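Trainee: I should like to work through a structure with you, one question at a time. Please show it before we begin.

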Amino acid sequence: MTTPVAAPSADTPYPHLFRPLTVAGVTLPNRVVMGSMHLGLEDRRADTPKLAAFYAERARGGAGLIVTGGYAPNLVGRLTPFAGTMRSARDARAHRTITDAVHAEGGRIVLQLLHAGRYAYHPLQVGAGRSPSPITPFTPRSLSTRAVERTVQDFVRAAGYARQAGYDGVEIMGSEGYLINQFLSPRTNGRTDAWGGSPAARRRFATEIVRRIRAAAGEDFIITFRLSMVDLVPQGQTLQETLDLARELESAGASLLNTGIGWHEARVPTIVTSVPRAAFADFTRRVREVVSIPVAASNRISMPHSAEQVLAEDQADLITMARPFLADPDWVAKAAAAAPEQINSCIGCNQACLDHTFQNRPASCLVNPRAGRETDPDFPPLPDRPLLPLTPTSTPTEPAAQSVAVVGAGPAGLAAATQAAARGHHVELFEASGAIGGQFRLARQIPGKEEFAETLRYFEARLAQTGVILHLDHRVTATELLDGGYDRILLATGVVPRGVGIPGADRANVHAYPDVVNGRVTCGPRVAVIGAGGIGFDVSELLTEPQHAGRAGHADHGAQPLESWQRQWGVDPGFTDRGGLTTPETAPAARTVHLVQRKTTKMGAGLGKTTGWVHRATLKARGVEFITGAQYVRIDDAGLHLRIDGTDRVLEVDDVVVCAGQVSQRELYETLQAAGADVVLVGGADVAAELDAKRAIEQATRVAAVL
Ligand code: FAD
Ligand code: NAP
Ligand code: SF4
């Protein structure tokens, strides 16, 4: 067993977070649960060692209890045709690699059992009834009464195999609209046998599974139940039904209730970055009040002070975080050392985790590309991990392996500089502007993306810690770089906005997006936005945002208050109706905006799989006009002239904002190469097309790891 994470000092700012808790005879050292995540490594046996390394790294970082991704208890319950199951002694043997690795690090791990029900992405899907889900193309076969009984037995058998595999327990996935949740809700359970009809009969499937697993496993086995605290779908459960379920699960033998929020088909965002922090903790509190077993809160809790607050306010007994453990395996160790500034925070972007999962690609993390690739030689562990205490690990006076100049302190330059310095190189980082962040500084000005500032806070701490010499307000020249005698030069000079070459583009009311986002320009009441990529959408949100109208350019505009967010999405904090929903309230948009693209494809088709719908719904609710298939003709006093399907149209606007993509900024490259310097391009300076921070950070990390 490796050295456990140091216990927090007596004056820890997070006393509630670090109070041990005993669950089913197992004492957890802290109140932090690493929630279930499907990494895409669960389905092939060959990937088990990768999975073991992933979990072991999180156990080493101090996670109190780890929950695996979901494994199906039977074949029809698999989420996808070849998804992982726990159905045999052979399955159990394969999982030993995982449980041994976690236990060797002093961690605890439970296996999640997930029956997908009508969310299964294969034609064998079954359900509580025959109603198809809107998120798969299949119609479920309704389970017969005997098949329901068999399914309960399958769960019990799977839990037995989990125990054989060395797991400390199981988590029963009873939320997010999967099979058990489907049984619980009248939306999908119209059965007339013993498993439907009354609320008590709808609950029977869930409670029988827990009761029989407890009877078979004995008392020293953790059974957590992921309970849907609020379904967020029409005809979802009522508050009373949810509370009754919690009580019955406790009587049936559950050791812990974990939080699930909303079904996958819900039209309310539940985890994206624009959801206020700990937005659903109060739903968890209601359940906690009626049971005596511990209850864990989750969703958009990503920093220790938010977690501590939820616990201190008695909203929950534990905090479950999933994506924050992708972003930083040492989250707990850093909180224990009272060093939150060193946490590489999850920013809720979904770009490398959930978006990958929905594209059938292994999950990783935008801010931590090593996540899910712990055995990949391209992403070796950092020599200074865990990063405590906050003292430079290499200093300019020590002989370093190489002297490296990094030009540009955007995401690519920051990742490259800190990686290289952590590996012992002497690194100087040059940034033309007065602050680090590059385009990411603009991103954090967009309402709903305030969380992006955490990444810059992390890099700031990391630069200090790794001893990078930072030169701000220093637009470095090729001569300076050549005179500096560096062994390696990494050019991370990023991108500049692309202009549009149409008549009138040079008018005073035509703006490049940075000027609008920075607040250098305040637009009039009617605006046309040219280009509907991620930035066109973001700029349209900024321009129409009701609460912060006129506040563009102030990075400290603050996140949307919870009550306002609940009204916008129709979440009823009082939980008076089924599903916890109420009618959304649309506040008047700050401006009239027309968002225009040349393509005829659906607006926002290139946005994230799991986030694009939120942006589209937001702009639609604010009355933004989506115009596709447009040809730009000219801009004049009348406004922006378009031709659409051969017909001319004028958008009568006060301002035009150009969000037409970017071009690489790489004028230093050729001079340096011609002079024989060892120079490498990274991030947007390398390729501007389809650039995002995920690619910039991943590429820079790879390059710096092998300098
Ligand atoms: P940049 O961020 O452009 O950084 C380059 C840096 O180099 C700049 O700071 C520049 O000042 C400096 N520099 C240039 N020349 C020199 C020189 N000669 N000397 C010194 N310094 C120099 N991406 C996502 O993944 N997800 C998002 O949600 C997202 N949202 C966005 C929202 C907005 C409004 C914007 C504008 C961008 C967004 N992006 C997002 C894109 C993301 O920010 C970029 O892809 C990323 O910043 C590119 O990183 P980079 O380091 O390659 O370049
Ligand atoms: P982008 O996604 O490539 O979009 C550029 C837009 O400009 C497209 O709509 C394109 O559509 C249009 N365009 C391109 N060339 C043009 C020209 N010459 N004249 C007029 N229009 C032109 O780039 P972006 O919006 O600048 O975003 C940059 C990157 O940041 C993206 O790759 C994105 O991943 C990332 N980002 C992500 C998010 C997110 O939420 N995940 C948010 C913001 C940014 P038409 O060709 O159809 O007109
Ligand atoms: Fe969080 Fe984004 Fe990383 Fe996913 S990719 S874990 S949402 S920072």
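Mentor: This is a predicted model, and the questions below take up its ligands, its salt bridges and one loop residue.

Trainee: Which residues come nearest to ligand 1?

Mentor: The shell around ligand 1 holds 38 residues. By class they divide into 21 nonpolar, 11 polar and 6 charged. Those that come nearest are Gln351, Glu431, Gln439, Lys449 and Gly684.

Trainee: Which helix gives the most residues to the shell around ligand 1?

Mentor: Helix 12 (411-422), helix 13 (439-443), helix 17 (534-544) and helix 21 (693-705) each supply at least two residues of this shell. By domain, at least three residues come from each of domain 2 (403-497 + 663-705) and domain 3 (510-660). The helix that gives the most, with 4 residues, is helix 13.

Trainee: How much of the area that ligand 1 exposes when taken alone does the protein bury?

Mentor: Backbone atoms take part in the contacts with ligand 1: a backbone N or O atom of valine 476 lies 3.2 Å from a nitrogen atom of the ligand. Oxygen atoms of ligand 1 are 3.5 Å from a polar backbone atom of alanine 492 and 3.3 Å from a polar backbone atom of valine 495. Taken alone, ligand 1 exposes 990 Å², and the share of this that the protein buries is 93%.

Trainee: Which residues come nearest to ligand 2?

Mentor: Around ligand 2 there are 21 residues. The classes in this shell are 7 nonpolar, 7 polar and 7 charged residues. The residues that come nearest are Ile535, Arg598, Lys599, Gln662 and Leu691.

Trainee: How much of the exposed area of ligand 2, taken alone, does the protein bury?

Mentor: A side-chain N or O atom of arginine 498 is 3.1 Å from a nitrogen atom of ligand 2. Oxygen atoms of the ligand are 2.9 Å from a polar backbone atom of isoleucine 535 and 2.8 Å from a polar backbone atom of lysine 599. Of the 890 Å² that ligand 2 exposes when taken alone, the protein buries 77%.

Trainee: Which helix supplies the largest share of the shell around ligand 2?

Mentor: Domain 2 (403-497 + 663-705) and domain 3 (510-660) each provide at least three residues of this shell. The largest share, 3 residues, comes from helix 17.

Trainee: How far apart in sequence are the parts that aspartate 220 and arginine 163 tie together?

Mentor: Side chains of opposite charge can pair when their charged atoms come close. Aspartate 220 and arginine 163 form a salt bridge whose closest N and O atoms are 3.0 Å apart. Because aspartate 220 lies in the loop between helix 5 (199-217) and strand 9 (222-230) and arginine 163 lies in helix 3 (residues 145-164), the pair ties together parts whose separation in sequence is 57 residues.

Trainee: Is arginine 277 or glutamate 451 the buried partner of their salt bridge?

Mentor: The side chains of these two residues meet in a salt bridge at 2.3 Å, N to O. Arginine 277, in the loop between strand 10 (256-261) and helix 7 (281-288), and glutamate 451, in the loop between helix 13 and helix 14 (453-466), are 174 residues apart. Arginine 277 has a relative accessible area of 26% and is partly exposed. Buried means under 20%, and at 7% relative accessibility the buried residue is glutamate 451.

Trainee: Are aspartate 538 and lysine 449 buried or exposed?

Mentor: Aspartate 538 and lysine 449 form a salt bridge, with the closest N and O atoms 2.6 Å apart. Aspartate 538 lies in helix 17 and lysine 449 in the loop between helix 13 and helix 14, so the pair ties together parts that are 89 residues apart in sequence. The relative accessible area is 9% for aspartate 538 and 17% for lysine 449. With the limit at under 20%, both residues count as buried.

Trainee: Which residue offers its backbone nitrogen to the side chain of aspartate 193?

Mentor: Aspartate 193 lies in the loop between helix 4 (179-184) and helix 5. Its C-alpha is 7.0 Å in space from that of threonine 145, although the two residues are 48 apart in sequence. At 3.0 Å, the side chain of aspartate 193 reaches the backbone nitrogen of tryptophan 195.

Conventions. Residues numbered from 1 in each chain as written. Chains lettered and ligands numbered in written order. Predicted model: local features only at pLDDT ≥ 70, side-chain atom pairs only at ≥ 80, totals over all residues. Heavy atoms only, no water. Near = heavy atom within 4 Å. Polar contact = N/O pair within 3.5 Å; in protein donor to acceptor, adjacent residues only side chain to side chain. Areas by Shrake-Rupley, 256 points an atom, 1.4 Å probe, with all protein chains shown as cover. Nonpolar A, V, L, I, M, F, W, Y, C, P; charged D, E, K, R; others polar. Domains from an automatic or database assignment. Salt bridge = Lys/Arg side-chain N within 4 Å of Asp/Glu carboxyl O. Buried < 20%, exposed > 50% of the residue type's maximum accessible area, 1.4 Å probe, protein only.
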